[in-house]
Amino acid sequence: MKIIRWLNDHLEEYVLSGLLVVIASVMMLQVIMRYVFNNSLSWAEEASRYAFIWSALISIGYSIKERNILRVDTLIEALPRPIRNLMTNLGNLTVVAFFGYLSISAVPAVQRVMRSSQTSPALKVHMGWIYLAAILGFFLATFRAVQRLRADFKDSSGKAEL
């Protein structure tokens with residue numbers, strides 16, 4: 001149970017931190033190679049690009065978890081509390097539906113890429129591993145949105161948040 005709780009609390013933080021370290025290290029290595037040794041690496045920009053793609057998709061779930069997802073709530077804050085709670089829950093439900101739809105829709109696209117023999121030009125990594133970020137990122141966003149919906153619903157119904 002401790003492992004599940006730790007993953008729930010810190011998974012995205014560690015994954016995103018690791019990806020940021022990869023991006024920064026690889027790009028610094030590329031700068032050093034290019035300007036100090038006058039020789040650039042063929043794979044560095046591609047590796048950074050793929051790490052960036054993974055970090056962008058993983059960060060969606062983290063943004064939802066931390067309540068940093070972009071939303072305009074000026075109108076909602078002006079409403080009476082019962083209507084505000086209803087609008088918040090409807091907004092959360094919309095986010096769950098949106099990312100749930102993206103999760104399901106990403107599966108066939110990733111399956112097509114997995115069945116192909118396409119590899120990345122410089123790293124020679126199967127492109128399915130890169131596209132897998134869409135499924136995992138959207139699934140994580142859906143999971144975090146469900147958690148947020150549940151917490152906000154409990155809050156609006158007067159029960160304490162877990």
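At 43% relative accessibility, D155 counts as partly exposed. This residue sits in helix α5 of what is a predicted model. Along the sequence, D155 and N85 are 70 residues apart, yet in space their C-alpha atoms are 8.6 Å apart. That makes D155 a handy place to start, and the rest of helix α5 comes next.

Further back in the chain, G137 also belongs to helix α5. Is G137 buried or exposed? With a relative accessible area of 0%, G137 is buried, because anything under 20% falls in that class. Leaving aside neighbours within four places in sequence, G137 is in contact with L57 and I58. Another glycine, G100, is 37 residues away from G137 in sequence, and the two C-alpha atoms are 11 Å apart.

The nonpolar interior is the next topic. In soluble globular proteins, nonpolar side chains tend to be buried together. In this model, the largest nonpolar core has 13 residues, and the members touching the most others are L57, I64, F99, A106, A134 and F138. Which helices supply at least two residues each to this core? They are α2 (44-65), α4 and α5. Helix α5 gives the largest share, with seven residues. One of the core members, A134, shows how the pieces meet: setting aside residues up to four places away in sequence, A134 touches L57 and A106. Apart from this core there is another one, made of five residues, and V26, M33, A44 and A47 are among them.

Now for the empty space. Rolling a probe the size of a water molecule over the atoms shows where empty space is left. Here the largest pocket holds about 500 Å³ of space. Its lining is made up of 23 residues, and R67, R71, T88, N92 and D152 are the ones that lie nearest the centre. Three helices give two or more residues each to that lining, namely α3 (74-78), α4 (81-115) and α5 (127-156). Which of the elements gives the most to the lining? That is α4, with nine residues. Sorted by class, the lining has nine charged, eight nonpolar and six polar residues.

Two of the residues nearest the pocket centre deserve a closer look. N92 is found in helix α4. With a relative accessible area of 8%, N92 is buried, because the cut-off for that label is under 20%. Not counting residues up to four places away in sequence, N92 touches R148, L149 and D152. D152 therefore turns up twice in this part of the story, once as a contact of N92 and once among the residues nearest the pocket centre. The other residue to look at is R67, which lies in the loop between α2 and α3. R67 has a relative accessible area of 45%, so it counts as partly exposed. The backbone at R67 stands out too, since its phi is near 60 degrees, a positive value in a residue other than glycine. Most residues other than glycine have a negative phi, and most peptide bonds are trans.

R67 has some company in this respect. K124, in the loop between α4 and α5, also has a phi near 60 degrees, again a positive value in a residue other than glycine. K124 counts as exposed at 56% relative accessibility, because the bar for that label is over 50%.

Another loop to visit is the one between α1 (2-35) and α2, where S42 lies. Is S42 buried or exposed? At 64% relative accessibility, S42 counts as exposed. S42 and L123 are 81 residues apart in sequence, but from C-alpha to C-alpha they are 8.6 Å apart in space.

Finally, there is the database record to set beside the model. An unreviewed UniProt entry places the feature "transmembrane region" at residues 14-37, 49-65, 86-107 and 127-146. Two of these stretches can be checked for their make-up. Residues 49-65 are 100% helix and 0% strand, and the C-alpha atoms at the two ends lie 25 Å apart. Residues 127-146 are likewise 100% helix and 0% strand, with end C-alpha atoms 30 Å apart.

Methods: Residues numbered from 1 in each chain as written. Predicted model: local features only at pLDDT ≥ 70, side-chain atom pairs only at ≥ 80, totals over all residues. Heavy atoms only, no water. 1 Å grid on protein atoms, 1.4 Å probe; cavity = no way out; pocket = protein on both sides within 12 Å on 5 of 7 lines; lining within 4 Å. Points joined across faces, edges and corners; volume = space filled by probe spheres on them. Helix = DSSP H or I, 4+ residues; strand = E, 2+ residues; numbered from the N terminus. Nonpolar A, V, L, I, M, F, W, Y, C, P; charged D, E, K, R; others polar. UniProt positions renumbered as here; feature names shortened; annotations may be inferred. Core = buried A, V, L, I, M, F, W, Y, C linked by side-chain atoms within 4.5 Å. Buried < 20%, exposed > 50% of the residue type's maximum accessible area, 1.4 Å probe, protein only. Contact = heavy atoms within 4.5 Å.
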